[in-house]
Amino acid sequence: MNHGEEVERWVEENVLSFPTPEVVTLRSFDIDWTAVSGSFSVVLDDEEIPHPFTLSLGMTDRISVEPPYFTSPLGAPCSYCAVELTDDTWNTIDKIMKKCFPRFQPYGRDRETGIFICSSTPLSKRVIDSSEFQRAQAEINPGFSISIKVKDDQ
């Protein structure tokens, strides 16, 4: 067996796969509000995924979510997703994130102000509604938890 096949087998044996749950819960948030990045736990029904997910503010107007990854398993020069979730589960996670976090100015030229938003733009210029941002900061902490039924999401 060559190295590529070994890595592929290792990944197959170690990726955690989850069916669509009835309820998705996000909790145990650890957020750096100066960069709007951090991590959180995902619980599917009563089963917590053992690896944290990450969140960050990127180029769009919404917070993006990344699943946990295996980095360079068996010395392979790449990363592999450590969990497999159904589309319904991902859609529910997305719905929860949209409910919890406000929108931000996306990268590009702001049509109203003409200001160009990019990676070096201060966070204060990307916050659209400061009261919503302050609400999120006050509410979303390590003790915060939110659950949504998946079937209600469809």
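The following exercises, with worked solutions, concern charged and buried residues in a predicted model.

**Exercise 1. A residue in helix α2**

Determine whether Thr89 is buried or exposed, and identify which residues it touches beyond its sequence neighbours.

*Solution.*
Step 1. Locate the residue: Thr89 belongs to helix α2, which spans residues 87-100.
Step 2. Apply the cut-off: a residue counts as buried under 20% relative accessible area. Thr89 has a relative accessible area of 0%, and is therefore buried.
Step 3. List the contacts: leaving aside residues up to four places away in sequence, Thr89 touches Pro19, Thr20, Pro21, Val24 and Leu44.

**Exercise 2. A charged surface patch**

State which residues form the negative surface patch, and classify Glu5 by its accessibility.

*Solution.*
Step 1. Name the members: Glu5, Glu6, Glu8 and Glu12 form the negative patch.
Step 2. Place one of them: Glu5 is found in helix α1, residues 3-14.
Step 3. Classify Glu5: partly exposed lies between the buried limit of 20% and the exposed limit of 50%. The relative accessibility of Glu5 is 43%, so this residue counts as partly exposed.

**Exercise 3. A salt bridge between loops**

Establish which parts of the chain are linked by the salt bridge of Arg103 and Asp61.

*Solution.*
Step 1. Recall the principle: side chains of opposite charge can pair when their charged atoms come close.
Step 2. Check the distance against the limit of 4 Å. The side chains of Arg103 and Asp61 meet at 2.8 Å, N to O, in a salt bridge.
Step 3. Locate both partners: Arg103 lies in the loop between α2 and β10 (108-109), and Asp61 in the loop between β5 (53-57) and β6 (63-66). The two residues are 42 residues apart, and their pair links distant parts of the chain.
Step 4. Compare with the accessibility classes: Arg103 is partly exposed at 42%, and Asp61 is partly exposed at 22%.

**Exercise 4. A network in helix α4**

Explain which residues are joined into one network by salt bridges that share partners.

*Solution.*
Step 1. Take the pair Glu132 and Arg135, whose side chains form a salt bridge at 3.2 Å, N to O. They are three residues apart in helix α4 (residues 130-139), so about one helical turn separates them.
Step 2. Take the pair Glu139 and Arg135, which also meet in a salt bridge of 3.2 Å, N to O. These residues are four apart in helix α4, again about one helical turn.
Step 3. Combine the pairs: salt bridges that share partners join Glu132, Arg135 and Glu139 into one network.
Step 4. Add the accessibilities: Glu132 is partly exposed at 33%, Arg135 at 25% and Glu139 at 34%.

How values were computed: Residues numbered from 1 in each chain as written. Predicted model: local features only at pLDDT ≥ 70, side-chain atom pairs only at ≥ 80, totals over all residues. Heavy atoms only, no water. Buried < 20%, exposed > 50% of the residue type's maximum accessible area, 1.4 Å probe, protein only. Contact = heavy atoms within 4.5 Å. Patch = residues over 30% accessible without salt bridge, like charges linked within 9 Å, V, L, I, M, F, W, Y side chains within 5 Å. Areas by Shrake-Rupley, 256 points an atom, 1.4 Å probe, with all protein chains shown as cover. Lys, Arg positive; Asp, Glu negative; His and termini not counted. Charge placed at Lys NZ, Arg CZ, Asp CG, Glu CD.
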